[in-house]
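Hi,

Here is the structure I said I would pass on. Have a look at it first, and my notes on what turned up are underneath.

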Amino acid sequence: MRRVLSGLVLAGALVCVAASAQAQRPAAADTVIWGGPIYTDDDTRPKVEAVAVRAGRVIYAGDRSGAMALRGTQTQVIDLHGATMFPGFTDAHAHLREIGERELTLSLEGSASLAEAMQRLKARAASTPKGQFIYGVNWIETHWPEARFPTRQDLDAVAPDNPVVLERSDGHAKVANSMALKLAGITRDTQPPFGGQILKDKAGEPTGMLVDSAMELIDKITPPTTEARKVEEYRAAFKVYSAYGWTGMHNLDVQYADIPIIEGFDTRGEAPLKVYNAVDWRDAKRFLADGPRATPDGRVTTRMIKFFMDGSLGSRGAALLAPYSDDPGNVGFQQMKEADVLPIWEEALRNGVQVATHAIGDRGNRMALDWYEDAFKAVPPSERKVNPPRWRIEHAQIVDPVDIPRFAKLGIIPSMQASHAIGDFYFAPKRLGEARLKGAYAWKSFIQAGSIVPGGTDAPVERGDPRIEFYAAITRRSLDGFQTPQWHPEEAVDRATALKMYTLWPAYASFRENELGMIKPGYRADFTVFDTDFMTADPKAILKAKAMMTMLDGKVAYRAAGF
């Protein structure tokens, strides 16, 4: 009897031990990923062999054996087959609908000359009924052999029977033909609005070029975009950007009426990106009245307002402290007044709304810093809903070196685009002269001064390709490898920093650094997979890399054919 009781006690003990072990064993992972280099952007453990995911979050990042221990009967195992995985790449400055517009409308991107651009317009006009409006995008003259802006006469020669408006790639200038100018009532006597310019020829007649706020004069004749068309454009943009390897985008200059359209993609399960919206300043009062918003899963968030301090360098609208080297007497122009925006900014501080301001020129950047400082003084930390507010200056392209440390001191984030430098340096020396290039596109100087630099693309101004951005950040060379001392190669960054520019730092700039931007337990399972190891490959090989897969919240959002 004693043996029987002893056996029963032992058996009971073993059952308890087994039950306890089962209770302590973590739940099985939904997905385990291994089979290639995995870079985490976590400085405490920058590279791991495997990652395990459950319920949309990373639960393990470490060696392969640890991940294997988390496999269950329903666990999906993804073998990278040598491909490289990163935290999800996020574009910290782009324009979602305009990217789709580029895909669906007359695009002049890549035109090697003015003549080629006009041939594309001619072909579109040949298939367009007379009198019907023609709109085109993405021309840029800086590489054209003609070395000049297009004129109304250029457009008239190939499309005389249609009103035509063609938007420059930077979005800061448009050229219109004679029919469009007539419909808009623009003559030699028309005065440009504040913050804009109507270019004129030697005879005083409009050339057709309208810069910055003067574009509003021609916008009034542009047919409005229907909601159905907007949905089509957003869908096209989502498709393109997901295939590039992005998992997130900071979406700048959004019309407030478009926010429900973007949120609708998330509601229907059709949003392959996390979208962080910045509302266009013209909708600021309405947005401030409603306040920040987000979809339940956080995939679409709206909590920022975008303002414009000046124009662009290419169209000579950037506000400079001294005249343009190739246009004496022109110092560019500002597009807003402090008295108009300061009350809005003070309300934003009290309501926890982030502010971003476009500033290109050294005068534009200094004014933005000065005005931000005035707003901060007017609303002390005790009265702010969010502190620090993480306000941003978008582009920060040309900055007087004495102003660079002010960004970190004030807590202002310089949101910059690496590809702008490798494109703009073909014409920036002419616009600025050599001395001002010292503070141009100075990513590394900002970082050394204590700032973070979230990296964007400004697409569709640039192509919007993460491969180009990473390459530009680490090489500061053109796509064919060209570089001169004027390009200031010392401003290139190392690869670990470049990775942060497109992962962790955009997360910080959108208040999500505790859940995005790293592959770390507790973080959302947003991943980007390329067939090339950006951290070790020859820089030119990065340009030829292929995005193989993206995952958002542990679910595949994009997968290349055959992967």
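R64 sits over the face of W34, with 4.1 Å to the ring centre. There is a second arrangement of this kind at R268, which lies over the face of F265 at 4.8 Å from the ring centre. Bear in mind while you look at these that the model is predicted.

Staying with the rings for a moment: the aromatic pairs come to 30 by the rule I used. One aromatic cluster takes in Y39, F86, F89, Y241, Y244, W246, F470, Y502, F530 and F534. If you want to pick it out on screen, selecting those residues by number should do it.

On confidence, the mean pLDDT of the protein is 94, and 96% of the residues reach 70 or more. The stretch to watch is residues 1–23, where the pLDDT is below 50. Beyond near neighbours in sequence, that stretch has zero contacts in the model. Where pLDDT is low, the predicted coordinates should not be read in detail.

Now the spaces inside. How many cavities of 30 Å³ or more are there? The count comes to two. The largest cavity has a volume of about 210 Å³, and 23 residues line it. Nearest its centre are T90, G248, K274, S510 and L516. Three elements give two or more residues each to that lining, namely β13 (246–254), β14 (274–280) and α19 (504–509). Of these, β13 gives the most, with four residues. By residue type, the lining of the largest cavity divides into eight nonpolar, 10 polar and five charged.

The second largest cavity has a volume of about 40 Å³. Its lining is made up of R303, A348, L349, G352, V353, Q354, V386, P389, W391 and F511. Seven of the residues lining this second largest cavity are nonpolar, two are polar and one is charged.

There is also an open site that you may want to look at. The second largest pocket has a volume of about 240 Å³. What lines it? Going along the chain, the lining of this pocket consists of E141, T142, W144, A147, R148, F149, R316, D326, Y426, F427, K430 and R431. They divide into six charged, five nonpolar and one polar.

Last, a few backbone details to check before you set anything up. The peptide bond from N387 to P388 is cis, with omega near 0°. P388 lies in the loop between α12 (362–378) and β18 (392–395). Another cis peptide bond runs from A459 to P460, this one with omega near 10°. You will find P460 in the loop that joins α16 (443–448) to α17 (466–475).

H81 also deserves a glance: although it is not a glycine, its phi is positive, at about 50°. H81 is in the loop between β4 (76–79) and β5 (84–87).

That is what I have so far. Shout if anything is unclear.

Cheers

Definitions and conventions
Residues numbered from 1 in each chain as written. Predicted model: local features only at pLDDT ≥ 70, side-chain atom pairs only at ≥ 80, totals over all residues. Heavy atoms only, no water. 1 Å grid on protein atoms, 1.4 Å probe; cavity = no way out; pocket = protein on both sides within 12 Å on 5 of 7 lines; lining within 4 Å. Points joined across faces, edges and corners; volume = space filled by probe spheres on them. Nonpolar A, V, L, I, M, F, W, Y, C, P; charged D, E, K, R; others polar. pLDDT = per-residue confidence, 0-100. Contact = heavy atoms within 4.5 Å. Phe/Tyr/Trp six-rings, centres within 6.5 Å; stacked < 30°, edge-to-face > 60°. Lys NZ or Arg CZ within 6 Å of the ring centre and 35° of its normal.
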